[in-house]
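Student: I would like to learn how to read helices, burial and salt bridges in a model. Could we work through an example together?

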Amino acid sequence: MTRGRTNIFAITGLHVVVALLALVVITPLLWLVCAAFKNGFDLFSYAFVPWGHLDHLTLDNFRMLAREQPFFRWMANSVFLTCLQTVLVVTFSSMGGFALAKYRFFGRRLAMVLMGLTMLLPSQVLLPSMYELVYHLGWMNSYAAIVVPGCMSVFGIFLFHQAMGGVPDELLWAARVDGCSEIRLWWEISLPIVRPMTGAFTLMSFLGAWNSFLWPQIVLQDARKFTLPIGLASLLGLPEYQAHYGILMAGTMLAIVPVVVVFFVLQKDFIAGLSSGAIKG
């Protein structure tokens, strides 16, 4: 009985600690949501919702953002680029991981070593050479400069290589005997087996593409082609927005919505993918 009570107290204490930590983590998000509906005076007068002055809450920040800036154009650009880049990087990374895991060819180990060495280089080191290449290709101020370099991930290839190594070779050979093509082996057999890892990598790729700032800021000059991170950052340089943080909070809150939707759609696969990777070591 004593041991059972000790376990109950331990579990209860653990839940309390987790709840407190969750509250600490979610507090900035709650402040952001509240700030998006405040006017300039209430923004710094109340920490969260002004309970005694609920009539002060307003949608003016959202109206000004939509009326004075091409915000929804920026969001459409981000959705298009993020979805396209995510689909391409997941497709090519899974194909590369499948090839490295299931095929034996000359130079395979050397290719893996060279790809692994590229992961040791900070991405900022490659910016000058990438800029020069994009400039000579005539891709400046175009989405090709963002999509093409971002459609391949060495990390993703190694991730799928690890996951697809668990696909039974006997299953693939049986499918080949039945006349299954190599593309169908990858698409219809291997990918469904590693679905949790695919979901986890899809979510990570989506978040990376959605929050990408440095490289798109370098190659995009037209304001109508900006993505959300660049567009919102550009407002900080305008004198009329330097003291109007409510508009920035409104834009940031709207920018979070697609990420939250994608996370709830893929959360089961994301957690399962991380769990399977932890179990495999």
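Tutor: We will take helix H10 and then the salt bridges. This is a predicted model, in which local features need pLDDT of at least 70 and side-chain atom pairs count only at pLDDT 80 or more, while totals for chains, interfaces and linings use all residues. Residues are numbered from 1 along each chain as its sequence is written, and side-chain values use heavy atoms, with hydrogens and water left out.

Student: How many residues does helix H10 have, and which of its residues are buried?

Tutor: Helices are DSSP runs (H or I, at least four residues), numbered from the N terminus. Helix H10, residues 182–193, has twelve residues and reaches 16 Å from its first C-alpha to its last. Buried means under 20% relative accessible area, exposed over 50%, and partly exposed in between (1.4 Å probe, protein chains only); in H10 the buried residues are Leu 185, Trp 186, Ile 189, Ser 190 and Leu 191, and they pack against helices H4, H8, H9 and H11.

Student: How many salt bridges does the structure hold?

Tutor: A salt bridge is a side-chain nitrogen of Lys or Arg within 4 Å of a carboxyl oxygen of Asp or Glu, and the structure holds four. One of them joins Lys 102 and Asp 169, with the closest N and O atoms 2.8 Å apart; Lys 102 lies in helix H4 and Asp 169 in helix H9, so the pair ties together parts that are 67 residues apart in sequence.

Student: Is Lys 102 buried or exposed?

Tutor: Lys 102 counts as buried, at 14% relative accessibility, whereas Asp 169 is partly exposed, with a relative accessible area of 41%.

Terms used:
Helix = DSSP H or I, 4+ residues; strand = E, 2+ residues; numbered from the N terminus. Expected span 1.5 Å × (residues − 1). Contact = heavy atoms within 4.5 Å.
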